[in-house]
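Let's take a friendly walk through this chain, from its overall layout to its charged side chains. Here it is for you to look at.

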Amino acid sequence: MIRFRFLAVLATSLVLIAASSKVVPPVVGQEAANFTLLDQNDRPARLSAARGQKVVIVFYRGYW
């Protein structure tokens with residue numbers, strides 16, 4: 001459940017990053033930019049911590 005929430009926060013932040021400033025589309029094989037977000041327990045979570053692992057980004061609309 002914690003990973004799912006992390007991915008949800010990650011997806012939301014990627015949308016916000018994409019909406020701001022000039023965004024250049026990624027190229028297949030290009031390394032993703034590193035960023036840090038807070039998880040549901042207010043602990044920092046970095047994309048670089050998942051290096052070498054597959055990362056799935058899920059976009060959904062939550063109602064809470």
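## Contacts along the chain

Two residues are in contact when they have heavy atoms within 4.5 Å of each other. With that in hand, and keeping in mind that this is a predicted model, we can look at how the chain meets itself. Among contacts with a separation of 6 or more, 51% are between residues 24 or more positions apart.

## Layout of the elements

The chain has one helix and two strands. Reading from the N terminus, you will meet them in the order α-β-β.

## Surface and interior

How much of the chain is buried? Of its 64 residues, 16% are buried. The exposed surface of the chain comes to about 5,700 Å², and 61% of that is supplied by carbon and sulfur atoms.

## The salt bridge

Side chains of opposite charge can pair when their charged atoms come close. Which residues form such a salt bridge here? The structure holds one, and its partners are Glu31 and Arg51, whose closest N and O atoms lie 3.6 Å apart. This pair links distant parts of the chain: Glu31 sits in the loop between α1 (2-19) and β1 (36-38), while Arg51 belongs to the segment after β2 (44-46), and the two are 20 residues apart.

Are these partners buried or exposed? Glu31 has a relative accessible area of 59%, so it counts as exposed. Arg51 is exposed too, with a relative accessible area of 56%. For both residues, the cut-off that matters is over 50%.

Technical notes. Residues are numbered from 1 along each chain as its sequence is written. This is a predicted model: local features need pLDDT of at least 70, side-chain atom pairs count only at pLDDT 80 or more; totals for chains, interfaces and linings use all residues. Side-chain values use heavy atoms; hydrogens and water are left out. A salt bridge is a side-chain nitrogen of Lys or Arg within 4 Å of a carboxyl oxygen of Asp or Glu. Helices (H or I, at least four residues) and strands (E, at least two) are DSSP runs, numbered from the N terminus. Buried means under 20% relative accessible area, exposed over 50%, partly exposed in between (1.4 Å probe, protein chains only). Accessible areas come from the Shrake-Rupley method with a 1.4 Å probe; for residues, only the protein chains shown count as cover.
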